[in-house]
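Student: I would like to go through this structure slowly, with a question at each step. Could we begin once the picture is in front of us?

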Amino acid sequence: MGILSDVPTRSAPHGFWRRLLRSPNGVVGLTIVLGLVFCAMFAEVLAPHNPSKMGTGGRFLPPGGDFFLGTDEFGRDMLSRILHGSRITLLVGAVAVGISLTTGMLVGMIAAFWRGWVEAVLMRSTDVLFSFTETLIALSFVAVLGPSLQNAVIAVGVAGIPFYARTCYSAALVETSKPYFEASIAAGAGPARLVFVHLLPNVLPTMIVVATLGVSTAILAAAGLSFLGLGAQPPTSEWGYMLAGSRDYINRAPWLMTIPGLAIAITVLGFNLLGDGLRTSLDPVERR
Amino acid sequence: MWRFIGTRVAMGALTIWVTTMLVTLLIHAVPGDPVQIMYAQSQGTTPEQIEQVRRSLGLDRSIPVQYLMYLERLFQGDLGNTIRGGQPVLEVIMQRLPNTLVLAVASMFIAIVIGVPIGFLAAYREGTIVDIGLMVLAIAGISMPHFWLGLMLLFFFALELGWLPVSGNGPMNLILPALTLGLSNAAIFARLTRSSMIDVMNQDFVQTAFAKGLPKAIVLRRHVLRAGLLPVVTMMGLQFAFMMGGAIVVENIFSWNGVGRMAVEAIFQRDYPIIQGFILTFSVVVVVVAIAVDALYAVLDPRIRRA
Amino acid sequence: EDIVWARYGDIDSLDPHRATSTLSLQVWSLMYDTLLAMDAEGNPVPHFAKSWTANDAGTEYTFNLEGGVMCHDGTPLDANDVKYTIDAAFDETTPSLTKGSWGPITAAEVIDPLTIKLTLESPFVAMIPFLADSFSSIICDTNGEGFGTTTAIGSGPWKLVSWTKGDRLVFEKNADYTNFGKLADNPGAPYEDGLIITVVPEPQARYAALTTGEVHIAEPPFDDVPAIKDSGELDIIVAENTGQNVFWEFAVHRPPFNDVRARLAVAHATDAATAISLIYGDLSIPENCPISRGVFGNDQDFCAQYRPAYDPEKSKELLAELGYSMDKPLETALLVWTGGNRQKLGEVFQAQLAEVGIKATIEIMDIGSLNARVRQENENTEGTTGSMDMMTWSWYDPDILYALWHTPGAYRGYTSPELDAILDETRVLTDPDARKAKVQEAMKYLLENAIHVPLYTPGWEWVFAVRPEVEGFKVAPFVYPIFSDIKIGG
Amino acid sequence: MSSVLLSVRDLSVTHGSGTRAVPLVHSVNFDLARGQILSIVGESGSGKSMTSKALMGLLPPNVTATGEAQFRGANLLDKNIAPPRGTGIGLIFQEPMTALTPVLTIGMQLTEAMVVHGLADARDAKARAIQMLERVGIPNPKQRMTQYPHELSGGMRQRVMIAMMMLLEPDILIADEPTTALDVTVQAQILDLLRDIVRDTDVGLILITHDMGVVAEMAEDVMVMKAGRVVEAGSVHQIFQAPGDAYTRALLDAVPSVETASVDSKPTDSQALLSIRHLSKTFSGGRAFGIAASVTRAVDDVSLDIMPGETLALVGESGSGKSTLGRILARLTKADKGNVTLAGTDLLSLEGAPLRQERRKIQMIFQDPYASLDPRQSVGAAIAEPIKIQTTLSKADRAKRVAQLLSRVGLTPDMASRFPHEFSGGQRQRVSIARAIAAGPELIIADEPTSALDVSIQAQILDLLSDLKSENGLTMLFISHDLAVVRQVADRIAVMRAGRILEFGPTEAVWASPRHPYTKALIDAAPVPDPSRKRSARAHALDTFPMTPLIEAAPGHWVAL
Ligand SMILES: Nc1ncnc2c1ncn2[C@@H]1O[C@H](COP(=O)(O)OP(=O)(O)OP(=O)(O)O)[C@@H](O)[C@H]1O
Ligand SMILES: Nc1ncnc2c1ncn2[C@@H]1O[C@H](COP(=O)(O)OP(=O)(O)OP(=O)(O)O)[C@@H](O)[C@H]1O
Ligand SMILES: [Mg+2]
Ligand SMILES: [Mg+2]
């Protein structure tokens, strides 16, 4: 009957890691993301120079030589800035997604669980917010709160809520209508048990996939805001901000534009690939 | 179908109604005093004058009253005046909105023209090296920040090669910004088209069509494409909203004189009437487009058309 | 042919009473006339007013106007238009944004179509230079509905055709124009047919447009200026006598900057010369005085005696006295307004301050927001986080010091009875030497107390790169570009 | 026997290649003649569909076929030769709901292939399509031509499918479980139609099914498949009377015969355990794309008593409201009107904690054994859940109880720590049953507990249920659409249609002398797994049936007439 003797972990379905490691997307994504986390954790150690120290080298030194990625308009070491920037980028992604994910899941699960007018009110409002689109919500937030990285992150986080709420809602709706859930109701389980023992663990995998893909969206959105000057403020080595600053030196020092852009693209790619890999390994039906 | 569209219109109206409320509240959420900001640059304005301005804007009334005043003005087509320069906001927006719409439509066109065939090809060659290659390309495309892509295009095509102009709002100027927005979204369309096509190709009715002995070309064109494009059509509304959002960044890179650039300027200038007007306009456009797309969907899908 | 000038931003309004930005002023100077004009040194000279007289008390001025000047709509420009302009500036409900700078005018009286008399409540020596500036542009009284936003009738060398906000202004030449005193060699109408002022925010895009010939005149990317100069493909013209002054000011009604030592610590920690050369190369020069070069009373040597010099050790000592150290830095917000690479400069200053143990958090905002914010910060007496800002003012007269620092102060900032007394006198002393001495006394006070710490005079903001075929382009003091003399060759 | 049309030799189907190759079908051999009906039976996954797809050349990517299939002088499995799809072999799928293109009209789908194959021009094709629609029994064929699939019922769609294939005049028709998605009454009509077509046109029909009843009724020859291999082949009589293979025997034994008598009926004169009075429930329509469809009366003024210790069966076709009724009793769906009392307690008015306590008394067993267990909970935890909620047993005692329950349902106690995906379908259903009886319920509602299982396993589960019933004296509401199953387990039967009870009474009484025309149609439509008792024609189900209030036609036998 194909019964395995080992007991699989609770958190992931059977064969999850094996499947993730077998999907090329997942492996590449995981490698990139782990590399990024490594850079972020050890930025202090890895960075050869102080990222905000001006005149570390000459201005506009091209990549290669003493400065692996060159220097910027203030003679700051680009490699150190990029390394420290990875910290900000990851933090931005994590915090923004954290905001969207927790709030979105709360809204989605409450709506799916309690149904009735609670559901109607929550989901209609979500629909309304959703049609505002993320950009507009983020922009409105920054417009009100004023430009700063912190506000940009909050804005991106809030802007993501409708999407997470919707996804969680539909995932939760599927779960609540499954017989196991009803069996638990029939056994007399109370709301806390239903939500925390049955609903949460079952929507979590979906939400983890969504969140992984969401990190890339959040990073892009926050970098976009910083690019417009509505996010990170100097001397932060936030990549979007660095990219914005590089515009004046396109001719003179194209690497100032290329490097942060590549850094963002690779990071986002990493999370996209990992999300893709996670999705296919969590959901074997969609394995393609 | 009319009921379907009816619900969409009602939903859209609700969205816009909520927007009007949020927009009125916006000015109260702002830290500091908007009137102070308005008159920051003038010398010698007396507190009485500031009070006077505040009264004329209704800022001394209760919020519900202000909301009603706002609605009343709204129905007269009055979105207030800009802080900088005191022009009617509606006029300022209407002058630029067409530019943004042109940009969004052009990008949408590029995205569809490039993305859909790629997605179709990948689905058609599912699992082959062609498919894998195209999808790697697509995921890279999605990951590429469009503001970066924009800069690179600007750098190569305008600055290095000098093929395309860099300023102004002529048709040639449209190429780069539309390409920037279009390419990022083409990747999204490609992925969407591919998965939708694959879904459809795995459905029984496609097997039926093959079982009838129809040649592959006819099956794909008549059975797969029509059914497979329906989800792509539904995505178009959302995608258009993304385009409008993306336009904000791209307009700033390419000096395209649209509402996005205006909005960012307004944020820096704390020109709240413009920001309010922008948010409202943006949501109206997005809602209208979404309704139009849904209507298109309703027409295309007999399951709804005949309902 | 049409001259095309690309700038980084747009005007705010066509109505001179509704905006204050330099971008707007530059355009008004093209479409309107003023009673007086400025010569190459920045001194007021006759223009539409061919002469004027004042009573001994300095409270009545009578201007004799040139005859035969026409507004763009064909109506004559005369004393009624001047009165119309002044009345609008003092309008009860919608006064001019610069009402205060007109001075204490109580009445404008049309004696005859070519004579106008202004009555002042008290003497105001800065009125004459003000009347030479475009803030006092004369608005034709035939303006009505839509004025300022879609239409504007003036009498200047260029006639407005259209304004697309955020994009472009289109002008055609005023064929009937006569130049009485404006700084241009051309005594009459412009040589070229039209003038287009477009908005291209990206410096690199402007540069590209210059190289392709889409644009004739534009501000280039600063960092490319040396390369452009070397290549010789474009002419570089740097505005002089810009009248602009960039300086530190502080929220002085709360700690830490209510203590002069904290302000001095900042002043000693800033190495403006190094910073601006890093960002702007040789396009900007450090400034020692609270009023700019070219403005009455400016004297670099005099100011250098009192301006706190760059001395990080001194700065650290002062901070230590106040109980700050590298581990317990003095924290402050550093407000900077957008554009012109100012945020980059701010970043350099931020790094310099960090060297001595001042932790400055940069906040970037638009000039309007900055103005409002500074006032807010000054009105806030709570808290221990400081606030300082890199403010910019351009004015053609030392009267700016009065506007900034005389009670109540433009931003409700530092004021003292002692300083008030000095500033009051700078307004009424009609003898130039006596006035100069007073102005310098005021500057000494401001510098010693580190209230207004001058940083530099931004010639950079007004670097113009000009295509070789454009002949005759020049820039008048206070950054008014002149297009009347331009002939496009080749 | 007439000439051989198709001759299959050594047909094998493999997924993947090289070391990763997985055989799906192993050297299958058979012949098909004109006018012959060959049935391929076997349980799910045995390779029935793969065999047919291989013949059509419609194998999924990565799946390859080898061997020989001679048809019209060519090998169908030869990749270089285009298979004569449509014109040579027609294929009818199981799911009529999804087998037609939703965005094209019926007319378009009927005619396009004729035009492509050059069998007719557009006008001619249309005329022939209309004719064919009439032939397969679709009313108003002209009008149907312009309609879209969603506007037709499942049975009609299946007829359109058949018409579509027959228009191409194939020599062979493959029908892959053509009736499993349909109601029994409709199923019978489609089977009749297929038989008529074979008789009239002389096509060879390959009928794929897992239903021995269908085989007995339709086929002349049978091929039994298991795990990709043919375990037995022969004439239908031979297979049914003297099955040579153990698997075939198991298959046959598993079929609950409608002919065999059921359990002995218990006297039903005690006090009702559960009584339902005037229960109604309407749904304001399924929402499709935000449009509220019409109102559905899922349960319509139902009154029933369930006696302690009895098994009451609720039968009726899909959508008749059986599940809804069951779910109302389990308090999973709210009723609109009516009341339900369980041993004197008013069930429907309970809320909150008292409701949660009362829930212990009514437990459910669901159709889908996989979905009815939380994939993230070990089966031990799942079984322990009701005990934990409803009793104060210590952890150790709970574990002991779980072990007992597992043994009781035929599993071993050490399986408690495993997760649902480590079990087979039948085992999972056993776990569900263990969970349902864990808290000691008074009533168990079993909603089609066997319909998702293979026939051989169905029987085991039914046995388990009847064991439990006789040993523990459980009362059960057994929901099913399968009359044969019902007859085996039920003491009394209630027949439901469109939300109403049309007939109910003791099983034997209802079976032997059905009084309501609908019940009659239902019994008549059920295939009889005995080839010697093939019925030639039967009364086709009517569209409308009387739905009046129930009257007692015989003692304890109520009918709506
Ligand atoms: N696309 C596919 N790729 C690989 N293996 C497949 C594919 N489709 C089906 N299979 C496998 O092939 C085997 C035979 O499947 P097939 O569909 O022929 O079974 P079946 O007898 O028709 O079952 P059912 O009664 O459920 O329709 C099964 O083990 C199944 O898992
Ligand atoms: N939650 C719901 N919302 C709307 N309509 C519903 C809902 N549940 C059931 N229905 C409708 O009520 C009717 C009865 O459904 P029910 O599930 O009770 O039928 P059933 O007899 O169990 O059918 P099946 O044999 O297919 O399980 C159907 O028409 C169904 O579409
Ligand atoms: Mg099958
Ligand atoms: Mg059911």
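Student: Does Glu313(C) count as buried, partly exposed or exposed, and what is its relative accessibility?

Tutor: Please keep in mind throughout that this is a predicted model. A residue counts as partly exposed when its relative accessible area lies between the buried limit of under 20% and the exposed limit of over 50%. Glu313(C) therefore counts as partly exposed, since its relative accessibility is 49%.

Student: Which side chain does Glu313(C) meet in a salt bridge?

Tutor: Side chains of opposite charge can pair when their charged atoms come close. The partner lies in helix α10 of chain C, as Glu313(C) does, and the two are three residues apart, about one turn of the helix. That partner counts as partly exposed, at 34% relative accessibility. With 4.0 Å from N to O, the side chain that meets Glu313(C) in a salt bridge is that of Lys316(C).

Student: In the salt bridge of Glu441(C) and Lys438(C), what is the distance from N to O?

Tutor: Both residues belong to helix α15 of chain C, which covers residues 432-448, and they are three residues apart. Glu441(C) counts as partly exposed at 36% relative accessibility, whereas Lys438(C), at 16%, counts as buried. Their side chains meet in a salt bridge, and the distance from N to O is 2.9 Å.

Student: How many residues apart are Glu351(D) and Arg331(D)?

Tutor: The side chains of these two meet in a salt bridge, at 3.1 Å from N to O. The pair links distant parts of the chain, with Glu351(D) in the loop between β17 and α11 and Arg331(D) in the loop between α10 and β16 of chain D, and the separation is 20 residues.

Student: Which of Glu351(D) and Arg331(D) is buried?

Tutor: Glu351(D) has a relative accessible area of 45%, so it is partly exposed. A residue needs a value under 20% to count as buried. With a relative accessible area of 11%, the buried one is Arg331(D).

Student: Which residue of chain C is joined with Asp72(A), Arg76(A) and Arg81(A) into one network?

Tutor: Salt bridges that share partners hold this network together, and it contains three residues of chain A. The residue of chain C that is joined with them is Glu347(C).

Student: Turning to chain B, how many helices are there?

Tutor: Chain B has zero strands, and from the N terminus on, its elements run as α after α. The number of helices in chain B is 13.

Notes:
Residues are numbered from 1 along each chain as its sequence is written. Chains are lettered from A and ligands numbered from 1 in the order in which they are written. This is a predicted model: local features need pLDDT of at least 70, side-chain atom pairs count only at pLDDT 80 or more; totals for chains, interfaces and linings use all residues. Side-chain values use heavy atoms; hydrogens and water are left out. Helices (H or I, at least four residues) and strands (E, at least two) are DSSP runs, numbered from the N terminus. Buried means under 20% relative accessible area, exposed over 50%, partly exposed in between (1.4 Å probe, protein chains only).
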